[in-house]
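Reader: I would like to learn how to read a helix and a buried loop residue in a model. Please take me through a case.

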Amino acid sequence: MAPVKEITDLLHRTFFRSLSLLSSRGQGAVLRRYFDWWHRRPDPWHMGTDAYEQAKYAATLAQLPGLPYRRILEVGCSEGVFTEQLVTAYPEAHVTGLDISERALARAAERVAKAAGRTLLLPADILLFSSEHRYDLVFCSETLYYLGRRDRLRQASARLTGLLAPGGVLVLVHPWPEARRLHRFIDSGRAVTRVSELVEREAHRPFAVSVYQAPSAPAPTG
Ligand SMILES: C[S@@+](CC[C@H](N)C(=O)[O-])C[C@H]1O[C@@H](n2cnc3c(N)ncnc32)[C@H](O)[C@@H]1O
């Protein structure tokens with residue numbers, strides 16, 4: 001990694017770790033304002049046009065176990081570039097996109113308008129989010145490094161695994177080798193088992209796609 005990139009990443013992580021010294025609610029309030037500001041211009045990370053991002057999405061979709069996913073959740077969906085791909089890849093599924101930025105979700109709504117009847121866009125903070133639903137497939141990509149200190153990472157990890165239906169699949173996508181730190185509470189917990197991991201070391205920004213599965217419901221007894 002080039003030294004300039006290393007320094008930028010260090011400053012980035014330090015900034016978000018400082019925010020995580022606030023209460024969960026305080027942190028969420030600042031993140032909401034920050035990401036609304038960050039989305040002041042469309043597609044701030046060029047997710048819709050960048051070849052690297054598109055290749056990462058393709059690698060992520062290719063890594064999924066071939067299961068009949070009915071209810072899908074994408075956490076940190078931003079403007080819905082990947083959400084739209086999920087809607088297309090799983091025409092039978094209901095797809096929920098969750099993001100802390102309402103401005104991002106307003107643009108996501110335009111992207112998935114063609115499937116409005118089976119999509120839902122939720123403004124929410126993953127640190128506090130809970131749902132009456134359980135999901136067959138949960139994604140969280142390029143988001144966990146915004147949560148800062150380890151307690152917040154642990155909190156978010158518990159939220160993510162708690163959203164899975166029995167047998168549900170969780171997919172985390174983050175830069176490598178930082179993914180080892182970001183995924184560690186999921187890796188070391190008992191809620192899910194890692195079923196595969198793709199590490200794309202040759203990419204100019206290496207990344208990992210880690211796939212986990214929750215246990216299936218126990219067979220009824222008696
Ligand atoms: C870099 S974008 C990733 C977009 C998408 N997941 C992808 O990989 O193409 C990160 C997104 O996470 C959202 N985000 C950051 N902290 C969040 C939180 N605590 N709860 C929910 N969303 C959050 C931001 O608003 C932003 O849209």
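Author: The turns below take up one helix and then one loop residue. This is a predicted model, in which local features need pLDDT of at least 70, side-chain atom pairs count only at pLDDT 80 or more, and totals for chains, interfaces and linings use all residues. Residues are numbered from 1 along each chain as its sequence is written, and side-chain values use heavy atoms, with hydrogens and water left out.

Reader: Which residues of helix 3 are buried?

Author: Helices (H or I, at least four residues) and strands (E, at least two) are DSSP runs, numbered from the N terminus. Buried means under 20% relative accessible area, exposed over 50%, partly exposed in between (1.4 Å probe, protein chains only). In helix 3, the buried residues are Y52, E53, K56, Y57, A59 and T60. They line one face of the helix, because they fall within an arc of 165° seen down its axis, the arc being that of the directions from the helix axis to the C-beta atoms. A51 and A62, on the other side of helix 3, are exposed.

Reader: Why do residues three or four places apart point the same way?

Author: An α-helix has 3.6 residues a turn, so such residues point the same way.

Reader: What caps the N-terminal end of helix 3?

Author: D50 does, with a side-chain oxygen 2.8 Å from the backbone nitrogen of Y52.

Reader: Is E79 buried or exposed?

Author: E79 counts as buried, because its relative accessibility is 4%. E79 lies in the loop between strand 1 (71-75) and helix 4. Its side chain reaches the backbone nitrogen of D43 at 2.9 Å.

Technical notes: Polar contact = N/O pair within 3.5 Å; in protein donor to acceptor, adjacent residues only side chain to side chain.
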